[in-house]
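Please walk me through this structure, one region after another, in plain running paragraphs. I am new to it and would like to see how its parts fit together.

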Amino acid sequence: MTTTRIDRRMAKLKAEGRPALVTYFMGGDPDYETSLSIMKALPKAGSDIIELGMPFSDPMADGPAIQAAGLRALKAGQTLARTLEMAREFRAGDNDTPIVMMGYYNPIYIYGVDRFLTDAVASGIDGLIIVDLPPEMDAELCIPALKAGINFIRLISSNASDIRLKQQLGQASGFVYCVSTHGTTGLATPDPQKVRQLVRRIRAFTALPVCVGFGIKSADDVQTFGAIADGVVVGSEIVHAIARGVAMGSAAASVGAFVSDLGNAVRSVPRAPRIE
Amino acid sequence: MNQPTEPNSFRTGPDEQGMFGIFGGRFVAETLMPLILDLQRHWDEAKNDPSFKAELSDLSTHYAGRPSKLYYAEGLTRHLRDVSAAKGLGGGAKIYFKREDLNHTGSHKINNCLGQILLAKRMGKTRIIAETGAGQHGVASATVAARFGFPCFVYMGATDVERQKPNVFRMKLLGAEVRPVSAGHGTLKDAMNEALRDWVTNVHDTYYLIGTAAGPHPYPELVRDFQSVIGTEARAQILEQEGRLPDMIVAAVGGGSNAIGLFHPFLDDRSVKIVGIEAGGRGLDGIEHCASMSAGKPGVLHGNRTYLLQNDDGQILDGHSISAGLDYPGVGPEHSWLRDSGRVDYVPILDDEALEAFQLTTKVEGIIPALESAHAIAHAVKVAPEMGKDKVMIVNLSGRGDKDVHTVAKMLGMEI
């Protein structure tokens, strides 16, 4: 596989000696135009990688914040086609920031896997995180996506055995998403000791960068977990910031301010040497 | 033309990946994969363990009251023969009810719950979660949890909590905590989402007792196997009582556990016509129904690929049925496969037709059927008069209707 925007961005951050700030937001929340303006504001505020949420009616692994965001987006008319369109519009003004689409399989399955991958490549998508496609289901989307040149990012959780880690990380690319806690997105606060241990276990099987997500809420969390891993993912709190901003009539500004704090935090993480 | 090849047997699925053709599978979050693989390991051991079978069999007999009776529904048969005669047909098939309503807790759900609680015990789990629609599975789960001393948490849509109050109270009496879910329309789909969220949060101690033959592999298989006692008994009983196999068997399909339980032992008896009844709600023209196989298309939800009610963007629709137990926009994956393979016909019955069958059965048989089962009976009411008197039909009376009297009273405009 050729290098992707994700590979290049991660290499650049490694050279800078700091962890990546990965920011999630829901495509189309609260509406298409506002959401696109939020997306454009993210890199300026300090986001290194964008996770673009694809709304789904039944998000089984998400907590209340992302559930509500998905419903707002769907209510405003968001579809998978519109989410791809949003990426394409963003890409027209930014050819460097990696975009990872995150969501559930059914909308892609209904769109058609081949058609989706063609359109995703054309829209400048770099990676996919599909919550309900474990390695057992790789033939569905993972393998076709890799062939199309799109990274398929694994979610790794601490209850996986070593055998399973090996199996999962075999087809992994881009980065590895380390799930900090058992549970849905945005709820429990992770235990740094446990995360450190899991990151260490993951690194025994892969040289890919490891980003920690689920329950990372503040600039302090970003510093704590940024010191442990190669990157941190913040999602539900950004979604909250969007909801707050909408209430005040300035979603993009509200998100921009919040992400700037995270961006400053990620740039001042005392960098731990990578423990092999 | 591309004619699908007829398999030698319809009873061999799923394959090792948990697939029935293109249906089924394991579409779950990674956090759940170790749990599902662990369940499969224990299930594979248990199903070949004579002591497991013996314990289940003993509980089925002495606790649940099996075997359930195969009852010749003479009153309904006579009534439909009169209907047939009035049409000048002079027919009317002989109708039998498989009396799952007589089981402990009042429905077929106990068959599956006893099997799974023994699995939970075997796996060393200490906490039970379940989803429920009509509350029948919730009650059965709360019952076995009480019997085996497990704490039990039942997720139930807020709409269903409202329309199935007697069952909610039963669960509470049995010591379970009922957790209402207000997302979506507050029905079975939303309850299942929330149960999955609980499971992904409490991975170490929790057993998810799924109530229907759906969800990620191995649930569709293991629920089917626990429910197949229905069809195995019915097959032996009809051979004893009629000296031959039935011409038709009928069952209602929500997720489809009572139906697959009745159907599976008959799948290779090619002379037996098999019909699954979907909830037609207020009609298939709009979106107020739950006929996923008649009006939906294949998609991925709740761990499996199956027929689903969904829009062009792959967003799942809520659907509607008068019967909370059928109010689900999907169906078990084996049914989807049986539909596509042509072995089983799936047809819709409307709310009104089910309501009529509910009242008719009560009047001519002295049996109050669950609204779910009333859908299956409604199909018999439709087709039996068209069949000859020498024809034999088995309808799965999957549950009793006591829980539905409030809903029915409301529909009929009565105060109780």
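Which residue of β9(A) does Ala20(A) stand opposite? The model is a predicted one, and in it Ala20(A) stands opposite Gly231(A) in β9(A). The strand that holds Ala20(A) is a convenient place to begin, and its two pairings can be taken in turn. β1(A) and β9(A) run parallel to one another and are joined by four bridges, while the pairing of β1(A) with β2(A), also in the parallel sense, extends over five bridges. Within that second pairing, Phe25(A) has Leu52(A) of β2(A) as its bridge partner.

The surroundings of this strand can be described by asking how much of it is covered. Seven of the seven residues of β1(A) are buried, and the cover extends to both faces of the strand: Ala20(A), Val22(A), Tyr24(A) and Met26(A) are buried on one side, and Leu21(A), Thr23(A) and Phe25(A) are buried on the other.

A helix of chain A belongs to the same picture. The buried residues of α11(A) pack against β1 (20–26), α2, α3 (64–75), β9 (231–234) and α12 (251–266) of chain A, and those buried residues are Ser236(A), Glu237(A), Ile238(A), Val239(A), Ala241(A), Ile242(A) and Gly245(A). An α-helix has 3.6 residues a turn, so residues three or four places apart point the same way. The length of the helix can be checked as well: at 1.5 Å a residue, the 13 residues of α11 (residues 236–248) of chain A should span 18 Å, and the end C-alpha atoms are 19 Å apart, which agrees. After α11(A) comes Gly249(A), which has a positive phi, near 80°.

Thr23(A), one of the buried residues of β1(A), also leads to a loop residue. Ser47(A) is found between α2 (32–45) and β2 (49–53) of chain A, in the loop that connects them, and its side chain makes a polar contact of 2.7 Å with the side chain of Thr23(A). The side chain of Ser47(A) also reaches the backbone oxygen of Ile49(A), at 3.2 Å. Although Ser47(A) lies in a loop, it counts as buried because its relative accessibility is 3%, below the cut-off of 20%. Apart from neighbours within four places in sequence, Ser47(A) is in contact with Arg9(A), Leu21(A), Thr23(A), Leu42(A) and Val259(A).

Chain B can be entered through its sheets. One is an open sheet of four strands in the order β1-β2-β12-β11, with antiparallel pairing, and its edge strands are β1 (19–20) and β11 (297–301) of chain B, each of which pairs on one side only. Two bridges connect β1(B) with β2 (residues 23–27) of chain B, and Phe20(B) stands opposite Phe23(B) in β2(B). Across β1, β2 and β12 (303–308) of chain B lies helix α13 (residues 333–341), which runs at about 45° to β12(B).

Another open sheet of chain B has four strands in the order β7-β6-β5-β8, and here the pairing is parallel. Its edge strands are β7 (177–181) and β8 (206–208) of chain B, each pairing on one side only, and neighbouring strands of this sheet are turned by 25° against each other on average, direction ignored. Strand β5 (residues 127–132) of chain B is joined to β8(B) by three bridges, with Arg127(B) opposite Thr206(B).

A loop residue of chain B can be followed in the way that Ser47(A) was. Pro385(B) sits in the loop between α15 (371–383) and β14 (392–397) of chain B, and it counts as buried at 1% relative accessibility. Pro385(B) and Ala93(B) are separated by 292 residues in sequence, yet their C-alpha atoms are 6.6 Å apart in space. Residues up to four places away in sequence aside, Pro385(B) touches Leu80(B), Val83(B), Ser84(B), Leu89(B), Gly91(B), Gly92(B) and Ala380(B).

Finally, how many disulfides does a search of the whole structure find? Over all chains, the search finds zero. Cys178(A) is buried, with a relative accessible area of 0%, and its sulfur is too far for a bond from the closest cysteine sulfur, in Cys211(A), because the distance is 9.4 Å. In chain B, Cys113(B) is likewise buried, at 0% relative accessible area, and its sulfur lies 8.6 Å from the closest cysteine sulfur, in Cys152(B), again too far for a bond.

How values were computed. Residues numbered from 1 in each chain as written. Chains lettered and ligands numbered in written order. Predicted model: local features only at pLDDT ≥ 70, side-chain atom pairs only at ≥ 80, totals over all residues. Heavy atoms only, no water. Buried < 20%, exposed > 50% of the residue type's maximum accessible area, 1.4 Å probe, protein only. Polar contact = N/O pair within 3.5 Å; in protein donor to acceptor, adjacent residues only side chain to side chain. Contact = heavy atoms within 4.5 Å. Expected span 1.5 Å × (residues − 1). Disulfide = S-S within 2.5 Å. Pairing = 2+ DSSP bridges. Axes fitted to C-alpha atoms, helices over the stretch in contact; angles between N-to-C directions.
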